[in-house]
Every structure is written in structure tokens, then in C-alpha cells.
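Visitor: Every label on a model should rest on a number. Take me through how these labels are earned.

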Amino acid sequence: MAEIRVPELAESITEGTIAKWLKQPGETVDKGEFIVELETDKVNVEVISEEAGTVQELMAAEGDTVEVGQVIAIVGAGSGAPAQQPAAPAEPAAQQPAQSAAPVAAQAAPAEEAVSGDRTIASPAARKLAREKGIDLAEITPVDPMGRVRVHDVEAHGTAPKSQPAAPAAPKQEAKVDDGRVERVKMSRRRQTIAKRLLEVKQNTAMLTTFNEIDMTNVMELRKRKKDEFFDKNDVRLGFMSFFTKAVVAALKKYPKVNSELDGDDLIMKNYFDIGIAVSTDGGLVVPNVVDADRKNFAEIEATIGELAKKARDNKLTLADMSGGSFTITNGGVFGSLLSTPILNGTQVGILGMHTIQKRPIAVGNNVEIRPMMYVALSYDHRVIDGKDSVGFLKMIKELIENPEDLLLGS
């Protein structure tokens, strides 16, 4: 028999949420086969079974919070759930598994108690129902002679008469729910983490945003001329993100404080250029990193961004993909955003916001011309970066994008 435990994922991750059970009790599982999908603060992780056998018990329900090292399932020997046998001849054989089931339950119970302390032994479904009904498991008298609380015990307890003062409040609450105009939905673990960290950034930094606008004429013409040749040669499409990534790396080299991090009274100067690219997914915004972007050419940057975006949308990002970023680029323009103030990413002190390209009348010399323009924004931590450096940083990006040949020569 083998215990499936929540694995150690990273130093900063101590717990996760059961997102989906990939195997159910009675189903067979091979060694190395995925048995459960865990949702953590950063990524979704699929946990494997270290032994082949049959899933005997799930010790946590979907939606439950589990800690690193906690036993969440039991895998025993066998090739599957025993088939139902016909009446008389099968009785002696049927009694054998029933007798062996008691030790399994007895072994599973201490495992749960070891994790949960003095908590009442209950099935995951019973715990979930009890939470929803606001019932203390310790108050329930189970039918099971082993003392394990099951769903029908919770339901039976829930129908028992409550104290008189609580009775008048129940109809009001139900009327509110039945009204259908309001729905309470629990946020996913990732959304809770995003909300918490964004609030921490707002409260713990002196965040300020400076703006500029870029004439995209030259880079759009260059991309139009080179995109077919670029694709034939590299098997990847030439987009704008590689130009902006290259421009950001060049600007970070000139303004190194934008590539730093504040740690107490010390400033950590980063001599690497891992550029985070914000990707929108159904579960929320994630920021995987283009590692060593300064060492990559345009094709390598475009290919890496494409791979990371696909992994993000397929929930296949690893902790390595999300760790170690030094600066972030976010592109609200893909959703049509004309102007915004991006929020800093974690402990980083700068983030570049790109926006939609819009044709506008612009003064060119003494003439007014219609040009494709993009507003760009740099949010930065004013505790580290002064206005001179922030404006200079954004102005350099503007100049490099408006003269893309300089980027090509520099790469």
C-alpha cells in the first residue's frame, strides 16, 4: 500500500488546492501515472503515483486546501475494484475483501489524524457538505461502527431541529439565495493570490507611471517587408513583442536601476535580463519569463514567447518558467486598451505597458500626417527610480522602436 502525499514544490509554496482528481476509488493506476491535479499560487501541478495498484481512498475532496506532505490518497495492491458476485457461491469470497477492508480503513484513519490532529474522521464528501451547511463534524453521531462520518450522517444531522433563535434567520437567507439576482462564487487559489499580491504592491511601493507615445510606422513597414522571409527562415512569425523585448533589454543596460530590486536597505542590482511576458489565461494573468533575453535573437525570442503562451493557456507552466524575472512587459493592446497604468509585478521595480495601435493625426515637421501610434506606459517604484531615469528609459524605448534598424544592428 502506498500513500499519495502533496509533494514539495518550491520553498515559497506550502499548500495547494485539489483542482481535479484524475483517478477515482476502485480505478487502477500505473506507476508514474498522474492521479491528481493540484492548483498552487503560481502553477497547476499534476501529482503521480509512485506505485502501481488500485486507488482505495481519496482523503481530500476537490476544492479542499491541502498542505505539503499531507496524505491525500491511498493506493493499494490489486488491479481494480472487485466485480459484484452472484449470491450464494460468492459469499465466502465476498467476505474476505470485507474483512480486509477494515485494516485499510484503520490504516487510513491514523494517516488522516496524523495530518489533521484530533479532527473527526470523515469522508471528503462529508467534510465538504458539513462546511457548506456550517455543521461541526464533532457534533455528528455517525452510523459507521468505525466512527467515520459519511454524507448521509451529515444530511441526517442537518435535518435535526436547530436552536430556536436561529430558526427565524433561515427563511431570510434562503429567500436571498433563491432570488437569483446575487451569486456567491469562491475565488480560485490563483485569483486569491493575484488579488493579495496586487494589493501588497499598491500598499508597499511608491508606484508612479510615466507615459509616452510611439510612431509605429517604421517598425510596421519593416515587419511587413521581412515577415515572409523571417517565417521561411525561422518557422516562427515576426511580431512586435521581439522588438519591444530587444528595446527593453537595451534600455535596462543603460538604466540598470530599472533592472533592480529593493531588499530592506539594500538595492539588488541584477546582471541578467529575464523578461517577464504577461499572458492572460482563463485562470488569471500569469507572467512566465524569457530567460537571458539579451542572448537571444529575434527568432528565439518570438519562439520562446509562443511556447510560454501556449504552456500558460494549457496550464503546463512550471515553477522554473515563472521564477527569476527581472522586468515585465504587459500588452493590453491585444484587448483594445488605449491607455492604462500597469501594476508592478512582485518585487520588480518596473513594468512596461504596451497598448493598441491607433491611427491619429500627428505633426511631422510642419505637416500633419495620419500615423499608427501607440501609447506606452512605464510604472516604476519611485523609492528606487527617479523621474529622470524613468523618463529616459521610456524615451529610449520610443527611439529604438521608431528606428528599428538600430535594434537589428544591436542584436
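**Labels and their cut-offs**

Visitor: Which residue is the bridge partner of I18 in β4?
Guide: L38 is the bridge partner of I18 there. Keep in mind that this is a predicted model.

Visitor: What makes β2 and β4 a pair?
Guide: Two strands pair if DSSP finds at least two bridges between them. Strand β2 (residues 15-21) is joined to β4 by 4 bridges, so the two strands qualify as a pair. They run antiparallel.

Visitor: How do you know that β4 also pairs with β5?
Guide: By the bridge count again. 5 bridges join β4 to strand β5 (residues 44-48), and at least two are needed. This pair is antiparallel too. Within it, E37 stands opposite E46. With 4 residues between them, β4 and β5 form a hairpin.

Visitor: Why is β4 described as largely enclosed?
Guide: Strand β4 covers residues 34-39, and 5 of its 6 residues are buried, so the rest of the structure largely encloses the strand. Across the protein chain, buried residues make up 40% of the 411 residues.

Visitor: What makes β1 and β3 edge strands?
Guide: Each pairs on one side only. They belong to an open sheet of 4 strands, in the order β1-β8-β6-β3, with antiparallel pairing. At the β1 end, 4 bridges join β1 to strand β8 (residues 71-76). E3 stands opposite I74 there.

Visitor: Back to β4. Why is E39 not credited with a salt bridge?
Guide: E39 is found in strand β4 and is buried. Its nearest side chain of opposite charge is R190, 4.6 Å away. A salt bridge needs the nitrogen within 4 Å of the carboxyl oxygen, so R190 does not count as a partner.

Visitor: What makes E39 and R190 a polar contact, then?
Guide: The side chain of E39 reaches the backbone nitrogen of R190 at 3.3 Å. The limit is 3.5 Å, so this pair qualifies. Beyond four places in sequence, E39 is in contact with residues including S188, R189 and R190.

Visitor: How many salt bridges does the whole structure hold?
Guide: The search finds 12.

Visitor: How do you know that R360 and E213 form one?
Guide: Their side chains meet at 2.7 Å, N to O. That is within 4 Å, so the label holds. R360 lies in strand β18 (residues 357-364) and E213 in strand β9 (residues 207-215), so the bridge ties together parts 147 residues apart in sequence.

Visitor: Buried or exposed: how is R360 classed, and how is E213?
Guide: The cut-off for buried is under 20%. R360 has 12% relative accessibility and counts as buried. E213, at 26%, counts as partly exposed.

Visitor: Why is R371 called buried?
Guide: Its relative accessibility is 19%, which falls under 20%, so the label applies. R371 forms a salt bridge with E369 at 2.8 Å, N to O. E369 has 30% and counts as partly exposed.

Visitor: What separates K398 and E402 by about one helical turn?
Guide: They sit 4 residues apart in helix α10 (residues 387-402). They also form a salt bridge, with the closest N and O atoms 2.9 Å apart. E402 is buried, with a relative accessible area of 18%.

Visitor: Which residues do shared partners join into one network?
Guide: D215, E369 and R371, through salt bridges.

Note on methods
Residues numbered from 1 in each chain as written. Predicted model: local features only at pLDDT ≥ 70, side-chain atom pairs only at ≥ 80, totals over all residues. Heavy atoms only, no water. Buried < 20%, exposed > 50% of the residue type's maximum accessible area, 1.4 Å probe, protein only. Lys, Arg positive; Asp, Glu negative; His and termini not counted. Polar contact = N/O pair within 3.5 Å; in protein donor to acceptor, adjacent residues only side chain to side chain. Contact = heavy atoms within 4.5 Å.
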